[in-house]
Amino acid sequence: MIHSGGPAPLIPFARRPVVGRFVRRFKRFFVAALIPGQDGEVLAHTNNTGTMLGMLREGAPALFSPADNPARKLPWTLEALWAGGGYPAENTLPAGRTPWCGPGGFWAGVNTSVPNNLLEAAFYAGKLPWAAGYTAFRRECRHGESRLDACLEGPGLPRLWVECKNVTLVEDGVALFPDAVSERALKHLDTLTELARGERAAMFYVIQRPDAHCFAPAECVDPAYAEGFRLAAASGVEIHPVVVDVTPEGLFMRDIELSVMR
């Protein structure tokens, strides 16, 4: 567990998020929330297009970051949901329904922009041993009809193509991706499989919760993706699952990757 006053987060929050409550999600990108200092329910933005399976509990504590631009239509962004039980350390919850609680809990990050930002921050911080020797980092790189999250280059090295995914589903200690059928994610795997024939290609899975001990494709959710995952891995696509601790201070990436179940 990361405590205040310890090492600086790899990605600090630009503006410290507040602890509110999740009420409901609707129209894919909207969340109704209760936030301290705000009258009644307010609307917040979520960029997570997955199901967030098992996490959308009405009344659960949630982290909301304030927008840098006060004129933005939705002034709050959903960063994380409280999973497990108990209360978060910063217990600034507004009056209302009692949150779901139990023996203990943790923050689970649901902001899907985190993996791309984390990859870049970890690259420049020298925290990616599998990218040693690479000196250039480019985001949003196109190959054929696919747009991949990053392409790394270095002197005398083959290009290294990387696709990032956010993971919020954990069952019995196993982090699973995806949490919904995703043709787009499968297309990325197919593209990386093709690239691995002549260059390097990698999947970077960012597990934004601390209760995962290994990683596997979610065959029970998307069998086609699981099959594509195994083919990609057998074809030379590198698999790099990392755990991120989410705190109100920011995001801390653990140094040791999870083992992979295929």
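Which residue in S17 is the bridge partner of cysteine 214? The points below answer this and go through the rest of the model, which is predicted.

1. The bridge partner of cysteine 214 in S17 is serine 259. The two strands concerned are S14, residues 214-217, and S17, residues 259-260. Strands S14 and S17 pair in the parallel sense, over two bridges. Cysteine 214 has a relative accessibility of 11% and therefore counts as buried.

2. S14 and S17 belong to an open sheet of four strands, whose order is S11-S12-S14-S17 and whose pairing is mixed. Strand S11 (169-171) and strand S17 are at the edges; each has a single partner strand, so one side of each lacks a neighbour in the sheet.

3. Another open sheet is made of seven strands, in the order S1-S16-S15-S13-S10-S9-S8, again with mixed pairing. Its edges are strand S1 (11-12) and S8, each with a single partner strand, so each has one side without a neighbour in the sheet. At the S8 edge, the pairing with S9 is antiparallel and runs over seven bridges. Within this part of the sheet, cysteine 141 stands opposite leucine 148 of S9. Cysteine 141 is buried because its relative accessible area is 3%, under the 20% limit.

4. The cysteines deserve a check for disulfides. Such a bond is covalent and links the sulfur atoms of two cysteines. The cut-off used here is 2.5 Å between sulfur atoms. For cysteine 141, the closest cysteine sulfur is that of cysteine 151, at 4.9 Å, which is too far for a bond. For cysteine 214, the closest is in cysteine 220, at 13 Å, also too far for a bond. The count by this rule is zero disulfides.

5. Helix H1 covers residues 114-124. Its buried residues are Val114, Pro115, Asn116, Leu118, Leu119, Ala122 and Phe123. H1 lies across S1, S8, S9, S10, S13, S15 and S16, and runs at about 145° to S8. Just after the helix, glycine 126 has a positive phi of about 70°.

6. Helix H2 spans residues 183-195. With 13 residues at 1.5 Å a residue, H2 should span 18 Å, and the 19 Å between its end C-alpha atoms agrees with that. The buried residues of H2 are Ala185, His188, Leu189, Thr191, Leu192, Thr193 and Leu195. These buried residues pack against strands S8, S9, S10, S12 and S13, and against helix H3 (223-234). The partners thus include S12, a strand of the four-stranded sheet, as well as S8, S9, S10 and S13, which are strands of the seven-stranded one.

7. Threonine 191 shows the packing of H2 at the level of one residue. Its relative accessibility is 7%, so threonine 191 counts as buried. Leaving aside residues up to four places away in sequence, threonine 191 touches His143, Ser146 and Leu148. With serine 146, there is a polar contact of 2.6 Å between the two side chains. Leu148, also touched by threonine 191, is the residue that stands opposite cysteine 141.

8. Where does aspartate 39 lie, and is this residue buried or exposed? Aspartate 39 is in the loop between strand S3 (30-34) and strand S4 (42-45). The residue is exposed because its relative accessible area is 77%, over the 50% limit. From proline 9, aspartate 39 is 30 residues away in sequence and 32 Å away in space, taken from C-alpha to C-alpha.

How values were computed. Residues numbered from 1 in each chain as written. Predicted model: local features only at pLDDT ≥ 70, side-chain atom pairs only at ≥ 80, totals over all residues. Heavy atoms only, no water. Buried < 20%, exposed > 50% of the residue type's maximum accessible area, 1.4 Å probe, protein only. Polar contact = N/O pair within 3.5 Å; in protein donor to acceptor, adjacent residues only side chain to side chain. Contact = heavy atoms within 4.5 Å. Expected span 1.5 Å × (residues − 1). Pairing = 2+ DSSP bridges. Axes fitted to C-alpha atoms, helices over the stretch in contact; angles between N-to-C directions.
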